[in-house]
Amino acid sequence: MPVPDAAVISVRGARVHNLRNVDVDLPRDALVVVTGVSGSGKSSLAFGTVYAEAQARYLESVAPYARRLIDQVAVPDVREITGLPPAVALQQSRGVPQSRSSVGTITALSNSLRMLFSRAGDYPAGAPRLDSDAFSPNTPAGACPHCHGLGRVHEATEASLVPDPGLSIRERAIAAWPGAWQGKNYRDILATLGYDVDRPWRELPQAERDWILFTDEQPVVTVHAEREAHRIQRPYQGTYASARRYVLHTLASTQSATLRRKALQHVEVRPCPVCGGAGLRPEALAVTVAGATIAEFTALPLTLLADRLAADEAVASGDVARGLVADLRARIEVLTELGLGYLAMNRATPTLSSGELQRLRLVTALRSSLFGVVYVLDEPSAGLHPADTATLLGVLDRLRAAGNSLLVVEHEVDVVRHADWLVDVGPGAGTHGGRVLYSGPPIGLAWAADSATRRYLVEPVRPVSRGRTATGLLELRGITHHNLVGVDVDIPLGVFTAVTGVSGSGKTTLVTGALATAVRDHLGSGADADADADDEGEDDPAEGTVSRVSGLDAIDRLVEVDQKPIGRTPRSNLATYTGLFDGVRKLFAATDEARRRGYSVGRFSFNVEEGRCPHCQGEGFVAVELLFLPGTYSPCPVCHGARYNPETLEVRYRDKSIADVLALTVDAATEFFADVPGIARSLVTLGEVGLGYLTLGQPATELSGGEAQRIKLATELQRARRGHTLFVLDEPTTGLHPADVDQLMRLLHSLVDARNTVVVIEHDMDVVAGADHVIDLGPGGGENGGRIVATGTPAEVARSETSRTAGYLKAVLDRL
């Protein structure tokens, strides 16, 4: 449907990523939603084209030197865009969770509160006035020197380092030490130093135990290791490190989430004895406003903080204080409107749910009072309960009513129906997508025959619960963590369980915290506990407390799958992560030509010097620094993106080089390797999770969160099954089109049919309606949540009078 030229953003000839020379008109001063299956090109149109062009135009007005200080996106490959106003992007990227990031820092509330204490605080007699930085635990001026602003310290005790004193050192009594060679090294050093490593730990003199565990000395000795029958052991120089030194060094320096988690099991995390957990220096804590320190203010729920600021007239005495208090109350009012009034300013970012984070990011946009700009939003409903989505729609309407345009990439059907204008991209993903199938009011999508979105918007079907019977129960009693206080819950085994509730109700704390931690601790830190975390979060080794757990013996394996990236650099890709590339390299190494040349398997790795291109070091591209313009990447001028040197590329397998194989899509590779069982099994599984359009060499940095999650799931599915597996998934449908959700659900239900247990945190009511069992938390978020509101079959939960989920679930179940 055409719109007047003066009222549109007109895009002509867009060729970003998989877009096929796209022409489309987007109305201004309207809510425009872009839909399509995962990988169809939605983000390429909204962010890679429209937002990138808007930023490029803005940067033309910025001084050349200043451009270097701005995080710039690449200039889009598009012939022309007209009618484009300034743009603001609100993307879904969470980044690496840092415990120093908090609700206060995300929303800028901390800045105003620190300024209030600096300018209007009550100082002790004779104390100098402090700068606002002195009230921040994240600055050298304000951070407590003992805990470095974290508010907590790690303390290693004999009990935490040696959990079983009945064992000897040789029997690994010092559980905090690493396994394999390094642990053996420390034990051999102690034997060389004359300590009895075969005597039970409790029988060693206390002085010896203290030195072994806590000494700061690092003696270097010549170690004559015990001879082993299958290897030659030569003397070497070994350096000793006490158990406490090793653990604290690991916590301070490791980038491995697994090592960090193991180290945290052997320390006690306590409030800092100097600052009492506030993270600030004494001089900052001596300043008060209305009789309270800044630490006490930041610990209050936002609604109580606003009441405190409004009630005490002394707080707002003076022009400066009145202005700062007004700003604080206005910001808190927006947060309360978005249902986040229960949060405290000192709540750390890693402890927030994705839904809470999404709404916190919207606060900045609402407070900016911009006019005439286009807001480009990436799935703003991601991680939101249907009740929260309704609030979100009100926020979007306010932004539009203020004279702005909204371009929203979205999968949530309720948001799509609310749009003024709909752009559907597809029909498929990757090379099978990249076309605009429909552009117009949502009602017109009914006549877009090729659209995968059409069926879910126009003709939604009613999901059917399979009604499986549980084979057992995991009983968790007395769960206390965050807003869960003494919660009891039963997790049925052998069925599909959906955990629901509004954002902040305690779902993540219950499932990925209490449940997964209890199972992980039961299984131990070996291969059977396959947690999939790459980044570091809170130093909270216990994930709260659970007073009693029963039924764990029925679980043989735990698999946790999330949407975190599968790698942080382009060197990690689909083929390397899934392990199928090992099989591919073995095939090439086994060819006659490779054997004649003496090429090993390593020759066909782009991470090994002998086989990779020397110019780009196996990256396939080189960075081009344009000084005052955005930096960009271009194909390597030597290997032209192939990653390998010419000699390696001369080796062919079925007339394809190793680079040719990496360029194959999963679908094409499935046919190419159909008679190679090990490789074919991986490829078929990737196809089953809907990733047939990706190339084997697709860099990890170019994958969406949904694609990364499905790659992880496929990797787990191709592994040999070992007994009863508990699959834990945190909002697996986030970022997925309803068609992709259907495909993912078929796969997850097949896992249950194979006698496993699946537990998902979920907001998609279609997924919940198809579950065997539902656990609903609430009724609200924060202090108003943390309770089990309803449990049972979807139909039983839909009848609950106290559940905020019930009405939305009933609407789905009542479909014809």
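For the residue classes used in these legends, Ala, Val, Leu, Ile, Met, Phe, Trp, Tyr, Cys and Pro count as nonpolar, Asp, Glu, Lys and Arg as charged, and the others, Gly among them, as polar. The model shown in every view is a predicted one.

**View 1. The largest cavity, a space of about 50 Å³.** The structure holds 3 cavities of 30 Å³ or more, and here we look into the largest. Its lining is made up of T35, E410, H411, V413, V416, T453, Y456, L457, H737 and P738. Sort these lining residues by class and you get 5 nonpolar, 4 polar and 1 charged. Two helices, α16 and α17, each put at least two residues into the lining of this cavity.

**View 2. The second largest pocket, with about 1,000 Å³ of space.** A total of 44 residues line this pocket, and V741, D764, M765, D766 and V767 are the ones nearest its centre. The lining of the second largest pocket breaks down into 18 nonpolar, 11 polar and 15 charged residues.

**View 3. The helices around the second largest pocket.** Which helices each supply at least two residues of the lining? They are α15 (386-401), α16 (413-418), α17 (454-458), α27 (738-753), α28 (765-769) and α30 (806-813). With 6 residues, α27 gives the most to this lining.

**View 4. Helix α15, a run of 16 residues.** From its first C-alpha to its last, α15 reaches 23 Å, close to the 22 Å expected at 1.5 Å a residue. Now pick out the buried residues of α15: P386, A387, D388, T389, L392, L393, V395, L396 and L399. It helps to recall that an α-helix has 3.6 residues a turn, so residues three or four places apart point the same way. Just past the end of α15 sits G403, which takes a positive phi of about 95°.

**View 5. S118, a residue of helix α4.** Helix α4 covers residues 109-120, and S118 is part of it. Is S118 buried or exposed? S118 counts as buried because its relative accessibility is 0%, and the cut-off for buried is under 20%. The S118 side chain reaches the backbone oxygen of L130 at 2.6 Å.

**View 6. The neighbours of S118.** Leaving aside residues up to four places away in sequence, S118 touches Y123, R129, L130, D131, S132 and F135. One of these, L130, is also the residue whose backbone oxygen the S118 side chain reaches.

Key. Residues numbered from 1 in each chain as written. Predicted model: local features only at pLDDT ≥ 70, side-chain atom pairs only at ≥ 80, totals over all residues. Heavy atoms only, no water. 1 Å grid on protein atoms, 1.4 Å probe; cavity = no way out; pocket = protein on both sides within 12 Å on 5 of 7 lines; lining within 4 Å. Points joined across faces, edges and corners; volume = space filled by probe spheres on them. Helix = DSSP H or I, 4+ residues; strand = E, 2+ residues; numbered from the N terminus. Expected span 1.5 Å × (residues − 1). Buried < 20%, exposed > 50% of the residue type's maximum accessible area, 1.4 Å probe, protein only. Polar contact = N/O pair within 3.5 Å; in protein donor to acceptor, adjacent residues only side chain to side chain. Contact = heavy atoms within 4.5 Å.
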